[in-house]
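Work through the exercises below with the sequence and the model open. Try each task before you read its solution.

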Amino acid sequence: MTTRTTPESASPAPLLDLQVLVVAVRRRRRLWGSMALIGLLLGVAMAVLMPPPPTATTKLLVAHQEDQPNDPGTLIRTDAALLQTTRIADQALRSLGSREKPEEFMKDYEGVGLTNNLLRIDVAGDSDAEAVARARALADAFVADHVRRIREAANAESKALLDQRDRLRADLAQVDKAIGEGSAENGPKVSANMESLFARRAELTSQISDFGRRAAEARIGTPRLIAGTQIVDAPRAVRHSLPRTAAMNAAIGLALGLALGLAVAAVGAVVADRPVLRREIAANLGASVIAELPRRSPRLWQRRRARAARTRLTASLARTVRGSAGAVSLLELGSARATTGIALDLAGALAADGPVAVIDGLPGLPLTHRRPKPEDPTVVSAERAASVPHQQRRLGVGSVAPGTAWTDLQHLGTRTVLVVRAGHGSAAWLHTVARHLADQRIAVIGVVLIDPDPADRTDGTLWDGPHAAPRGEGERPARPNGTGRRKAERLPMWAARVPDNDDQEGR
């Protein structure tokens, strides 16, 4: 029995692919790394160029008549707000003999409630001595204002109680007078009236005594509150450490710069929509990734592996070109330098079978204008391609970057290998490239990916199963580029991937 593989139903694309976003942000590490470094340097520069002004601090113990164990800090916050008033600022300036405006002076200090009864005052000045003097003047002004308010409140309460006591005494005098006048009369009604008068006199006497006691207590509690409000920590200058401040500012600048850089990189990756993963590039171009090469020169210990991968790619492309009936071209997108190197290597490998002419269709004609070497193949520009003999093998090199003359690409070759740099073109442009190549009836053999992501584990091979019968050697069914998944054309070539590090090579 023979099983048949059918294409899976297309699932809706997610609104935001986290894997793609992480890869795109990681590839833009230069951006957010630079912004983090800039933030660090700005933090250090602020600490050096903008040092904090001389500052003095003092602590006050503030006693309140309404103190409660469960007070949430409302009273001490009220004291901190009262400290930021022009009345206290004006009293402190008068004691200092300064002509500065209270509104301006209020900008140089602040009060912070540490506990329900502990207030800290921080004052800035032109020098440490001036800051200490300002802190002492502010503390004395606040204590004096607090004591005055306590005394005024106690005096007002005591006066109210004494006034009420005096009114009760006047009522008591009226009751005593009524009792004296009624003692000479006799009769049942007089006796009942006298009893009510005596009861009223007793009540008034008790109330008078109570109001007198409360007035005395109001005055007795005032000295306790006055003594409880005092300076518990004498004003002293705050020493600022430049290395410590610079380190703190550098850490804050580093964190802010890193956060801003990551946000910019993430937003830019989402807005630009530049595919990086193999599966995305293959799906957008409608062709499989057949090889991967680094963009920059590899490290010293990776050069041998890079040369081996380059050799495998050249041999694979040479077999493909030999088995192709028509001309083959290399079209670059964001990787002109790598494309010219691959073209020269491929032309050198094909030179063993006969003369090869490289048709230079790149913008600026970098192959035509380069200084030729004795072993280099013949290079002609696209305008002079007609002068190349028909029996000579041709290898076209062109570009599919924005501004390409699409009708000229068919003269470079009817079959092409796309050399694409990961993250260079947007998804919309990759679709445009596939659509134009399909319109020109240029078949895409495969994609060579330049500068792949080291952590990319996705599959860049498009495969729908063996729907077509085996064809002769070198024959491949024509297909529209970018309009569907790639049918089984031939045995897939393994991607010549260059490991970027030793761990990846071990995996």
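R134 touches L96, E100, F105, D108, V123, A124 and G125, leaving aside residues up to four places away in sequence; contact means heavy atoms within 4.5 Å. This is a predicted model: local features need pLDDT of at least 70, side-chain atom pairs count only at pLDDT 80 or more, and totals for chains, interfaces and linings use all residues. Residues are numbered from 1 along each chain as its sequence is written, and side-chain values use heavy atoms, with hydrogens and water left out.

**Exercise 1. Place R134: in which helix does it lie, and is it buried or exposed?**

Step 1. R134 sits in helix α6, residues 128–182. Helices (H or I, at least four residues) and strands (E, at least two) are DSSP runs, numbered from the N terminus.

Step 2. R134 is buried, because its relative accessibility is 9%. Buried means under 20% relative accessible area, exposed over 50%, partly exposed in between (1.4 Å probe, protein chains only).

Step 3. Look for a polar partner. The side chains of R134 and E100 are joined by a polar contact of 2.8 Å. Such a contact is a pair of N or O atoms within 3.5 Å; within protein, one must be able to donate a hydrogen and the other to accept it, and residues adjacent in sequence count only if both atoms are side-chain atoms.

**Exercise 2. Find which elements supply at least two residues each to the largest nonpolar core.**

Step 1. Fix the rule. A nonpolar core is a set of buried Ala, Val, Leu, Ile, Met, Phe, Trp, Tyr and Cys residues joined through side-chain atoms within 4.5 Å.

Step 2. The largest core has 28 residues, and L285, L409, L418, V433, L437 and V447 have the most contacts inside it.

Step 3. At least two residues each come from α9 (278–285), β6 (328–333), β7 (356–360), α13 (406–409), β10 (415–421), α14 (427–439) and β11 (443–450). The largest share, four residues, is from α14.

Step 4. Another core, of 27 residues, lies apart from this one; A318, L330, L367 and V419 are among its members.

**Exercise 3. Which parts of the chain does the salt bridge between D176 and R201 tie together?**

Step 1. A salt bridge is a side-chain nitrogen of Lys or Arg within 4 Å of a carboxyl oxygen of Asp or Glu. By this rule there are 24 salt bridges.

Step 2. In the bridge between D176 and R201, the closest N and O atoms are 3.5 Å apart. D176 lies in helix α6 and R201 in helix α7 (residues 188–228), so the pair ties together parts that are 25 residues apart in sequence.

Step 3. Check exposure. D176 is partly exposed at 33%, and R201 is partly exposed at 30%.

Step 4. Set R200 and E203 beside this pair. Their side chains meet in a salt bridge (3.8 Å, N to O). Both lie in helix α7, three residues apart, about one turn of the helix. R200 is partly exposed at 33%, and E203 is partly exposed at 40%.

Step 5. Salt bridges with shared partners also link R87, D145, R148, R149 and E152 into one network.

**Exercise 4. How many helices and strands does the protein chain have, and what percentage of its residues count as buried?**

Step 1. The protein chain has 15 helices and eleven strands.

Step 2. Of its 507 residues, 39% count as buried.
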